[in-house]
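Biologist: Please take a close look at a single part of this model and walk me through it. I would like to know how the part is covered and what it pairs with.

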Amino acid sequence: MYCRVIACDFDGTSATDGHPAPELYAALAAARTQGILTLLATGRVLEDVQRACEGESPFDAVVAENGAVVCLCGVGRIIQLGKPPTEKFLGALRAEGIPFHTGSVIVGTGEQHAKPLLDLIRRIGIDGQLIFNRAALMVLPSGINKATGIRCALAALGRSERNMVAFGDAENDIPMLMSAEVGVAARGSIPSVMASADDRISQPGGAGVALYIRRLLDGGGTLPTPPRRTIALGKSSSGKIAALPTSGVNFVVSGDPRSGKSWIAGLIAEQLLEQNYRICVIDPEGDHAQLGQRPGIVTFGQDLAVPTPHAAAKLIAAEPLSLILGLSSLAPREQVNYVDQLLAALQETRSATGIPHWVLIDEAHYFFYASSPCIKHLESQTGSFGLITYRTSILAAEVFNHISAHIITSTKVEEERYFTTKILQAHGRPDLVAHAALDGIKGSWAGLLQTASPESPWQIFLPADRTTRHAHHARKYADTTLSDDKAFRFVGAGTSMMVRNMLEFRNAIQTAPLASLRHHLAAGDFSRWVGEVIGDQQLAKGLRKLERAAPSGANPDRAEILAHINDHYLIQEE
């Protein structure tokens with residue numbers, strides 16, 4: 001993960017005897033010089049913290065009263081997330097002889113008063129919760145904790161919990177540690193905090209937290225992704241989960257057309273969205289518009305015009321949104337220029353904020369071929385990339401220097417099968433038989449090769465269900481005959497054939513010389529005839545994908561063309 005936010009508990013973590021550790025202040029100041037935002041999260045009331053932290057504060061925001069009060073230090077803005085306690089409740093506390101103190105929202109007392117306080121809450125019928133902080137006890141409105149307060153602060157500051165490291169030691173810190181990308185237990189933490197945290201500090205007090213932060217900064221602000229942060233792709237036949245980490249990995253999804261690549265890409269996108277990662281989907285053919293049905297994601301290129309690259313990057317960094325950028329209205333050259341500029345703009349926002357966390361690029365061979373200007377953007381260490389392609393062999397060799405996971409669907413096209421076999425041979429275990437591994441991928445199953453995971457470098461799995469169904473079309477009959485003036489004529493390499501329907505078209509694809517297929521693919525003739533004469537825009541879109549690969553030097557493959565036709569038309573074999 002790429003850290004852009006540090007959140008610290010106060011008492012027991014960053015302070016000793018009620019005063020902040022000087023070493024920690026210095027470390028936090030150093031973090032701010034690297035663009036990392038710093039938050040203080042405490043159960044204390046805001047005024048107490050301000051008195052304890054005399055002089056210049058190293059915090060961009062203070063989350064006080066265990067999340068109920070947020071102070072944005074830079075602008076002096078205070079946000080109150082809950083209602084103050086009623087006089088009826090405070091009067092009842094006095095009548096019961098329960099000592100307490102109050103803030104704007106919080107009511108605090110000692111843990112020994114938990115039972116009479118709970119009985120009082122039930123008797124009066126207020127919507128409140130009891131939160132323990134070692135020997136202290138707090139009453140807050142239901143649903144408010146340090147995590148909700150931090151979420152409010154980050155929304156105002158344009159940052160994400162998915163780029164946050166949090167430090168705590170007591171019960172009330174657990175929601176904050178769990179919501180952070182990496183939760184760290186201070187030395188002396190209670191057992192439940194130690195069990196919940198992703199990492200632990202061995203040195204005591206604020207000095208220990210300061211040392212951890214210094215090491216984080218020395219490492220470029222990156223930390224390993226915690227094991228609890230995963231994308232569950234599916235299960236093997238033995239029930240073992242096939243999974244990827246949610247950060248620190250770039251992947252390629254490859255396989256034949258209509259073999260399930262878009263399904264898996266959408267599955268990954270859904271799981272990232274559910275875990276509050278922000279994603280940007282580059283969709284040159286409009287295959288992922290269905291994802292736009294989910295909350296928190298906006299689709300451009302249909303009802304909404306595609307924004308400029310800089311406007312798109314600014315939007316995803318400023319608002320709690322994910323984007324789908326449909327580029328089908330742009331010409332191929334315009335798409336490459338747009339993606340080049342977009343990735344450059346996104347890298348600026350990623351370096352500053354860590355957002356978007358993921359960029360998913362469909363039809364990746366359109367943009368990452370040899371000599372493409374887009375390749376240089378894959379060097380980013382501030383976020384992850386996912387590339388989806390049916391033409392892995394067209395990707396530039398340097399692309400694979402940045403890939404640590406390959407997800408492979410059914411691959412029968414000869415040229416792609418040969419290339420994928422080389423990948424398995426280069427990165428799989430010595431005992432992995434590449435051809436047998438590919439043969440083991442049948443039907444809807446897929447393979448996962450993780451080059452950075454020697455424990456399980458190759459798995460075959462059945463992809464998990466999706467919550468957003470991937471759109472699919474109904475197949476049509478192929479024997480409707482056209483007049484001669486609307487027929488398609490195969491030419492080139494000494495051939496001349498005229499076809500009047502999709503059945504004849506399919507048969508001609510099987511017998512036409514490769515030079516003729518290459519000629520028509522390079523000219524865009526197939527998609528033009530299918531779209532303008534047959535009127536099948538879905539098949540035309542699929543054929544355009546094959547045509548765009550032709551200028552890059554890819555050999556035409558009959559099986560690819562036939563797979564697209566068979567997926568759209570019911571054809572009776574004689």
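Modeller: What follows is a description of one strand, β24, and its pairing. The model is predicted, so local features need pLDDT of at least 70 and side-chain atom pairs count only at pLDDT 80 or more, while totals for chains, interfaces and linings use all residues. Residues are numbered from 1 along each chain as its sequence is written, and side-chain values use heavy atoms, with hydrogens and water left out.

β24 covers residues 446–450; strands are DSSP runs of E, at least two residues long, numbered from the N terminus. The strand is mostly covered, with five of its five residues buried (under 20% relative accessible area, 1.4 Å probe, protein chains only). Taken face by face, Ala-446, Leu-448 and Gln-450 lie on one side of β24 and are buried. Gly-447 and Leu-449 lie on the other side and are buried too, so both faces are covered.

β24 also has pairing partners (two strands pair if DSSP finds at least two bridges between them). One is strand β23, residues 405–408, which pairs with β24 in the antiparallel sense over four bridges. Within that pairing, Leu-448 of β24 is the bridge partner of Ile-407. Leu-448 is thus a residue with a named partner as well as one of the buried residues on its face. Another partner is strand β25, residues 458–463, again antiparallel to β24 and joined to it over four bridges. Here Ala-446 stands opposite Phe-461 in β25, and Ala-446 is on the side of β24 that also holds Leu-448 and Gln-450.

Key:
Buried means under 20% relative accessible area, exposed over 50%, partly exposed in between (1.4 Å probe, protein chains only).
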